[in-house]
Amino acid sequence: MSAAIDNLLARLGKVKRTGAGTWTACCPAHDDRGPSLAVRELDDGRILLHCFSGCTVHEVLAAVDLDISDLFPARALDHPAKPERRPFPAADCLRAVGFEALVVCSAAVALLAGEPFSEIDRERLILAASRIQAALTAGGLSYE
């Protein structure tokens with residue numbers, strides 16, 4: 001683990017290692033009760049961030065007083081890195097989808113039971129759908 005990833009993780013809440021070079025944490029850019037931020041350190045030292053709630057990398061970094069340059073190791077300019085095709089492991093995306101699917105299921109059960117939806121319930125259901133779509137996109141999937 002590099003000093004850069006240590007510095008970032010120390011500024012985040014509820015950090016949990018999910019695999020080699022991967023973590024989840026609460027996103028500092030919004031009121032996050034459960035981890036929705038995926039963090040990955042690549043072999044070359046680059047750090048990737050993805051908030052499944054839709055916060056931008058710049059919003060996340062601003063909330064922990066870091067800059068985009070803190071996600072990239074210093075290296076010679078003549079050493080270009082290959083772009084990541086699928087930067088987040090499928091397991092991380094599936095965990096996010098699984099949790100949001102429980103929210104959708106709970107909403108369906110309440111609806112079938114005839115319980116009225118509050119505005120907060122509707123907003124959370126819309127957020128769940130948005131997070132599921134974001135997880136699919138982060139996993140390299142699309143509906144094209």
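A contact here means heavy atoms within 4.5 Å, and with that in hand we can visit a predicted model in a handful of close-up views.

**View 1. Phe117 sits in the loop between H3 and H4.** Which residues does Phe117 touch, once those up to four places away in sequence are set aside? They are Ala107, Ala110, Leu111, Arg122 and Leu125. For Ala107, the C-alpha atoms lie 8.3 Å apart, with the two positions 10 residues apart in sequence numbering. Phe117 counts as partly exposed because its relative accessibility is 24%, and the partly exposed class runs between the 20% limit for buried and the 50% limit for exposed.

**View 2. Helix H3 covers residues 90-112.** Its 23 residues reach 32 Å from the first C-alpha to the last, close to the 33 Å expected at 1.5 Å a residue. Please look for the buried residues of H3: Asp92, Cys93, Ala96, Glu100, Val103, Ala107 and Ala110. An α-helix has 3.6 residues a turn, so residues three or four places apart point the same way. The buried residues of H3 pack against E1, strand E2 (22-26) and H4. Two of them, Ala107 and Ala110, are also among the residues touched by Phe117. After the helix comes Gly114, with a positive phi near 85°.

**View 3. Helix H4 covers residues 119-138.** How far apart are the end C-alpha atoms of H4? They are 28 Å apart, which agrees with the 28 Å that its 20 residues should span at 1.5 Å a residue. Buried along H4 are Ala128, Arg131, Ala134, Ala135, Leu136 and Ala138. These buried residues find their packing partners in E4 and H3. Just after H4, Gly140 takes a positive phi of about 90°.

**View 4. The largest pocket holds about 660 Å³ of space.** Of its 23 lining residues, the closest to the centre are Gly34, Pro35, Phe99, Glu100 and Arg131. Two of these names may be familiar from the helix views: Glu100 is among the buried residues of H3, and Arg131 is among those of H4. Which elements each supply at least two residues of the lining? They are strand E1 (13-19), strand E3 (37-41), helix H3 and helix H4. By class, the lining counts 11 charged, 8 nonpolar and 4 polar residues. Rolling a probe the size of a water molecule over the atoms shows where empty space is left.

**View 5. Arg46 lies in the loop between E3 and strand E4 (47-51).** Is Arg46 buried or exposed? Its relative accessible area is 12%, so Arg46 is buried, the cut-off for that class being under 20%. The side chain of Arg46 meets that of Asp44 in a polar contact of 2.7 Å. Ala74 is 28 residues from Arg46 in sequence, while their C-alpha atoms are 9.7 Å apart in space. Ala74 itself is found in the loop between H2 and H3. With a relative accessibility of 83%, Ala74 counts as exposed, whereas Arg46 is buried.

**View 6. Lys14 and Asp65 have positive phi values without being glycine.** Lys14 belongs to strand E1, and its phi is near 50°. Because its relative accessible area is 56%, Lys14 is exposed. Where is Asp65 placed? Asp65 is in the loop between helix H2 (57-63) and H3, and its phi is near 60°. Asp65 counts as exposed because its relative accessibility is 66%.

**View 7. The whole chain has 4 helices and 4 strands.** To close, here is the setting for all of the views above. From the N terminus on, the elements run α-β-β-β-β-α-α-α. Of the 144 residues, 34% count as buried. Among contacts with a separation of 6 or more, 50% are between residues 24 or more positions apart.

Note on methods. Residues are numbered from 1 along each chain as its sequence is written. This is a predicted model: local features need pLDDT of at least 70, side-chain atom pairs count only at pLDDT 80 or more; totals for chains, interfaces and linings use all residues. Side-chain values use heavy atoms; hydrogens and water are left out. On a 1 Å grid over the protein atoms alone, a cavity is a set of points where a 1.4 Å probe fits but cannot get out, and a pocket is an open set with protein on both sides within 12 Å along at least five of seven lines; lining residues have an atom within 4 Å of a point. Grid points are joined across faces, edges and corners, and a volume is the space filled by probe spheres set on the points. Ala, Val, Leu, Ile, Met, Phe, Trp, Tyr, Cys and Pro count as nonpolar, Asp, Glu, Lys and Arg as charged, and the others, Gly among them, as polar. Buried means under 20% relative accessible area, exposed over 50%, partly exposed in between (1.4 Å probe, protein chains only). A polar contact is a pair of N or O atoms within 3.5 Å; within protein, one must be able to donate a hydrogen and the other to accept it, and residues adjacent in sequence count only if both atoms are side-chain atoms. The expected span of a helix is 1.5 Å times one less than its number of residues.
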